[in-house]
Amino acid sequence: MAAPGENMKINADRLWDSLMEMAKIGPGIAGGNNRQTLTDEDAEGRALFAKWCEEAGLSMSVDDMGNMIARREGTDPDALPVYVGSHLDTQPTGGKYDGVLGVLGGLEVVRTLNDLGVKTKHPIVVVNWTNEEGSRFAPAMLSSGVFAGLHDREWAYDRTDAQGKRFGDELERIGWKGEEKTGERKMHAYYELHIEQGPILEDEFTDIGVVTHGQGLKWLKVTLTGRESHTGSTPMYKRRNAGLGLARLTELVHEIAMDFQPDAVGAIGHVEVYPNSPNIIPGRTVCTIDIRSPDKRILDQMDKRIRAGTETICDALGIDHEIEMVNHFDPVAFDEKLVETVRKAAKRLSYSHMDIVSGAGHDACYINRVAPTAMIMCPCVGGLSHNEAEEIDKEWAQAGADVLLHSVLETAELEA
């Protein structure tokens, strides 16, 4: 097997032009994108990606969760394929690079191989996973979750958006529901290129993040129930203030996360207050606690402490509480051999690199359950993501895609 030379690199201008062309579909209001899953804009982005895949000589298949699977044949018809990819859907106020870089970076790998007339033993597949973001249909990483056997397909079809529209119905409506059963295909390996979505690589002036682990996650939906009463006429000692309970719970989550530094994080992001009137003490609040850690033991300890602390807070205030787990996945350790392949590729190309833990969930976290998996990260400006101001440099995109190219070639076995 031949090793790729250090002068073998992707076409940075072509990759950047593709990113900018895709960004024209579903433009946001502040320079980013609103291309939520299974919308007309998602369908338009898929059609453009399919056109580019056809022009690159790839054969396209679509499974019954709408995952797009574009294949470049290898020299060994019996060899399992090396997958590369991510997602094309965005948040309602998303950026131009989150997910998209991984899909179009994978396409650029194939285009580069075509330019150079390079063949590989293993086929190479570029994949666009449906509904990674979960912004319209919860939970996130829905289709890769079905592929990996974590979710039932019919359960996934029954997920609804804020208007009550079903995932399965919308998938059919936009014309991207395939016949192939999701999860039947086998992989030799899977690589995912992604922006960091955090500030570490930029702060450390580092080109490449070699992702060794993905944080585990728990979302706890907490409902606090007190008693609505008039703000002006209810004595302080007679109040059953669900809003005060929410405030104390917010502080509790922060304190617990700080106790498990350096890698644990936690916050309350989603909040509902009832009746939400200026002169009424809140009788009910609903919030979602997001806690994460790359260590399952720590994640479980945080969960336990939050539950105990919530009970203590509520007892002191005379309010009731309910806690529901609405999302959860365990920490991920990516394949050591593939992780080392990424390190070697970065070193061969003279890109600065460091080991990093992914703070966000990705399709790779689920695919890791069914195939050897690794992730490559590049910096993003200010660590900002899930925001229309999300930005990266062309040089960062090239570095990530170059490392992806070399990693894929080593795993797919470059033919001399």
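Colleague: What covers the buried residues of helix 10?

Modeller: The cover includes strand 5 (189–195), strand 6 (208–214), strand 14 (353–358), strand 15 (373–378) and helix 12, where contact means heavy atoms within 4.5 Å. This is a predicted model, in which local features need pLDDT of at least 70 and side-chain atom pairs count only at pLDDT 80 or more, while totals for chains, interfaces and linings use all residues. Residues are numbered from 1 along each chain as its sequence is written, and side-chain values use heavy atoms, with hydrogens and water left out.

Colleague: Why is the stretch of residues 336–348 called a helix, and how does the distance between its end C-alpha atoms agree with what 13 residues should span?

Modeller: Helices (H or I, at least four residues) and strands (E, at least two) are DSSP runs, numbered from the N terminus. The expected span is 1.5 Å times one less than the number of residues, so the 13 residues of helix 10 should span 18 Å, and the end C-alpha atoms are indeed 18 Å apart.

Colleague: Which residues in helix 10 are buried, and how do you know that they line one face of the helix?

Modeller: Buried means under 20% relative accessible area, exposed means over 50%, and partly exposed lies in between (1.4 Å probe, protein chains only). In helix 10 the buried residues are L338, V339, T341, V342, A345 and A346. Seen down the helix axis, these buried residues fall within an arc of 155 degrees, so they line one face; the arc is that of the directions from the helix axis to the C-beta atoms. On the other side of helix 10, E336, K337 and K347 are exposed.

Colleague: What caps the N-terminal end of helix 10, and what is the phi of the residue S350 that follows the helix?

Modeller: The cap is D335, with a side-chain oxygen that lies 3.2 Å from the backbone nitrogen of K337. A polar contact is a pair of N or O atoms within 3.5 Å; within protein, one must be able to donate a hydrogen and the other to accept it, and residues adjacent in sequence count only if both atoms are side-chain atoms. S350 follows helix 10 with a positive phi near 60 degrees, although S350 is a residue other than glycine, and its place is in the loop between helix 10 and strand 14. At 64% relative accessibility, S350 counts as exposed.

Colleague: What is the phi of H386, and why is H386 called partly exposed?

Modeller: H386, which is not a glycine, has a positive phi of about 55 degrees and is found in the loop between strand 15 and helix 12. Its relative accessible area is 39%, and therefore H386 is called partly exposed.

Colleague: Why does T112 count as buried, and why does G269 count as exposed?

Modeller: T112, in helix 3 (residues 100–116), has a relative accessible area of 3%, so it is buried. Leaving aside residues up to four places away in sequence, T112 touches K9, I10, N11, R14 and L405. G269, by contrast, is found in strand 9 (residues 265–274) and has 70% relative accessibility, which means that it counts as exposed.

Colleague: Which residues touch the most other members in the largest nonpolar core?

Modeller: A nonpolar core is a set of buried Ala, Val, Leu, Ile, Met, Phe, Trp, Tyr and Cys residues joined through side-chain atoms within 4.5 Å. The largest one has 93 residues, of which M22, F49, L101, L104, Y191, I392 and V403 touch the most other members. Helix 12 (residues 394–412) gives the most to this core, with 10 residues. A second, separate core of 24 residues includes V222, I268, I289 and I319. In soluble globular proteins, nonpolar side chains tend to be buried together.

Colleague: Which peptide bond from Q261 is cis, and which residue does a cis peptide bond join to A138?

Modeller: The bond from Q261 to P262 is cis, with omega near 20 degrees, and P262 is found in the loop between helix 8 (242–259) and strand 9. A cis peptide bond also joins A138 and P139, with omega about 5 degrees, and P139 has its place in the loop between strand 4 (124–128) and helix 4 (142–147).

Colleague: How does the radius of gyration of the chain agree with that of a compact globule?

Modeller: The radius of gyration is taken over C-alpha atoms, and the globule rule is 2.2 Å times the number of residues to the power 0.38. For 416 residues a compact globule would have a value near 22 Å, and the chain has 23 Å, so the two agree. Buried residues make up 55% of the 416 residues.
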